[in-house]
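Visitor: I am new to this structure. Please take me through the contacts made by its side chains, and add where the residues involved sit.

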Amino acid sequence: MGSDRMNSGTAVITGGAGHLGQAIAESLASRGLVVVLSDLSIERVEEAVATIKAKERNADSIDIRGCAADVADEESVARLMETAALFGGIDVVVNNAGVEGPVATTDALDLNDLRAVYEVNVLGTLSVIKQALPHLRSSPNARVVNIASGAGLAGAAYMTAYNSSKHAVVGITRCVARELAADGIPVNAVCPGCVSSPMMGRIEREMARLGGTASVTYESAIPAGRYADAAEVANLVGYLATEAPKYLTGAALLIDGGLYA
Ligand SMILES: NC(=O)c1ccc[n+]([C@@H]2O[C@H](COP(=O)([O-])OP(=O)(O)OC[C@H]3O[C@@H](n4cnc5c(N)ncnc54)[C@H](O)[C@@H]3O)[C@@H](O)[C@H]2O)c1
């Protein structure tokens, strides 16, 4: 740990080996938090930690540890919290794990696919908050950031599973924020529009398949004319996790280049 590093606590991030997750872990670590990066498999976790450290000029200046955890499994979440607490308590939780689920017409929706999406995006988010709460309550710097989506604030044809799950993430954010406001724990949702990422690529390919077209892209619908970089979203998450006013709570902050403006 670098001596000039301002340590402002420990942050747990779920889905941290993914595209956005790695950028968020990097942003949190560069702001002085000890980061516990978790994802489904320990191999992917270790690879992600190594990738982030390799990008850092002074790898000793950031502190990132790894832990495998499945947010859809309550016991696995309990083990994640136990492990993270060993690193000095839990101050920040970033619920980033998410799956896009099926891109399908409503008649073709398989309810089991819908359940699988809700298990991760909705119940996983709630389970992590619930199990982190005893730790958060004993931290003076406790904050929760949930990665929802523009899909949590608007509908999209053929995206019923994903969009409804992200609406639930926004709903969870608002309810828990109201509940924890008196404890001084801000709870906010970040709602990215389209991020240049493998997940967006998968959705575009499925949309094209469903529409019978060669390809689908949304750049022309975005006033900024481009998708977001993961780092742009990660910086907003880092801000909310550390220095944003604590009075900012219960918000669902769009970062979408004006898409939903
Ligand atoms: N990519 C976008 O354009 C975009 C836009 C808006 C919101 N989001 C949201 O941002 C978050 C990150 O997305 P991304 O683009 O990095 O996707 P990604 O697929 O690269 O990352 C998601 C990560 O979550 C992990 N994960 C899945 N199920 C899990 C489980 N049960 N337990 C623990 N981890 C699990 C995956 O292994 C993966 O590493 C997601 O919540 C997504 O819905 C993404």
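Guide: What follows is a walk through those contacts, starting with the charged pairs. Keep in mind that this is a predicted model.

How many salt bridges does a search of the whole structure find? The count is eight. Three of the pairs get a closer look here.

Start with K55 and E26. Their side chains meet in a salt bridge, with 2.9 Å from N to O. K55 belongs to helix α2, which covers residues 42–55, and E26 belongs to helix α1, residues 19–30. The two parts are 29 residues apart in sequence, so this pair ties them together. K55 is exposed, and its relative accessible area is 56%.

Helix α1 also holds I24. Is I24 buried or exposed? I24 is buried, at a relative accessible area of 0%. From I24, look across to D63. The two are 39 residues apart along the chain, and 14 Å separates their C-alpha atoms.

D63 brings up the second pair. Its side chain meets that of R65 in a salt bridge, at 2.7 Å from N to O. D63 counts as buried, with 10% relative accessibility. R65 is partly exposed, with a relative accessible area of 28%.

R65 has another contact to show. Where does the charged end of R65 sit? It sits over the ring of F87, and the distance to the ring centre is 4.4 Å. So R65 takes part in a salt bridge with D63, and its charged end also lies over the F87 ring, which fits the cut-off of 6 Å from the ring centre.

The third pair is D39 and R44. They form a salt bridge in which the closest N and O atoms are 3.8 Å apart. That fits the rule, because a salt bridge needs the nitrogen within 4 Å of the carboxyl oxygen. D39 is buried, at 9% relative accessible area. R44 is partly exposed, at 42%.

Now the rings. How many aromatic pairs does a search of the whole structure find? The answer is zero.

Next, the cysteines. The disulfide count is zero as well. Why is C175 not bonded to C191? The sulfur of C191 is the closest cysteine sulfur to that of C175, but it is 15 Å away, which is too far for a bond. A disulfide needs the two sulfurs within 2.5 Å. C191 is in no disulfide either, and its nearest cysteine sulfur, in C194, lies 13 Å away. The surroundings of C175 and C191 can be read from their accessibility. C175 counts as exposed, at 52% relative accessibility. C191 is buried, with a relative accessible area of 0%.

Turn to the surface. L153, L254 and Y260 make a nonpolar patch of about 240 Å². Y260 lies in the segment after β7, the strand of residues 252–255. Y260 is partly exposed, with a relative accessible area of 37%.

L259 is also placed in the segment after β7. L259 counts as partly exposed, at 24% relative accessibility. Its C-alpha is 9.4 Å from that of G225, and the two residues are 34 apart in sequence.

A longer reach along the chain comes with A230. This residue lies in helix α7, residues 230–242. A230 is buried, with 10% relative accessible area. A230 and L28 are 202 residues apart in sequence, and their C-alpha atoms are 13 Å apart in space.

One backbone detail completes the walk. Most residues other than glycine have a negative phi. Y158 has a positive phi of about 70 degrees, although it is not a glycine. Where is Y158 placed? Y158 sits in the loop between β5 (143–147) and α5 (160–180). Y158 counts as partly exposed, at 40% relative accessibility.

To retrace the charged contacts, begin with K55 and E26. Go on to D39 and R44. Then take D63 and R65, and end at the ring of F87, under the charged end of R65.

Note on methods:
Residues numbered from 1 in each chain as written. Predicted model: local features only at pLDDT ≥ 70, side-chain atom pairs only at ≥ 80, totals over all residues. Heavy atoms only, no water. Phe/Tyr/Trp six-rings, centres within 6.5 Å; stacked < 30°, edge-to-face > 60°. Lys NZ or Arg CZ within 6 Å of the ring centre and 35° of its normal. Buried < 20%, exposed > 50% of the residue type's maximum accessible area, 1.4 Å probe, protein only. Patch = residues over 30% accessible without salt bridge, like charges linked within 9 Å, V, L, I, M, F, W, Y side chains within 5 Å. Areas by Shrake-Rupley, 256 points an atom, 1.4 Å probe, with all protein chains shown as cover. Helix = DSSP H or I, 4+ residues; strand = E, 2+ residues; numbered from the N terminus.
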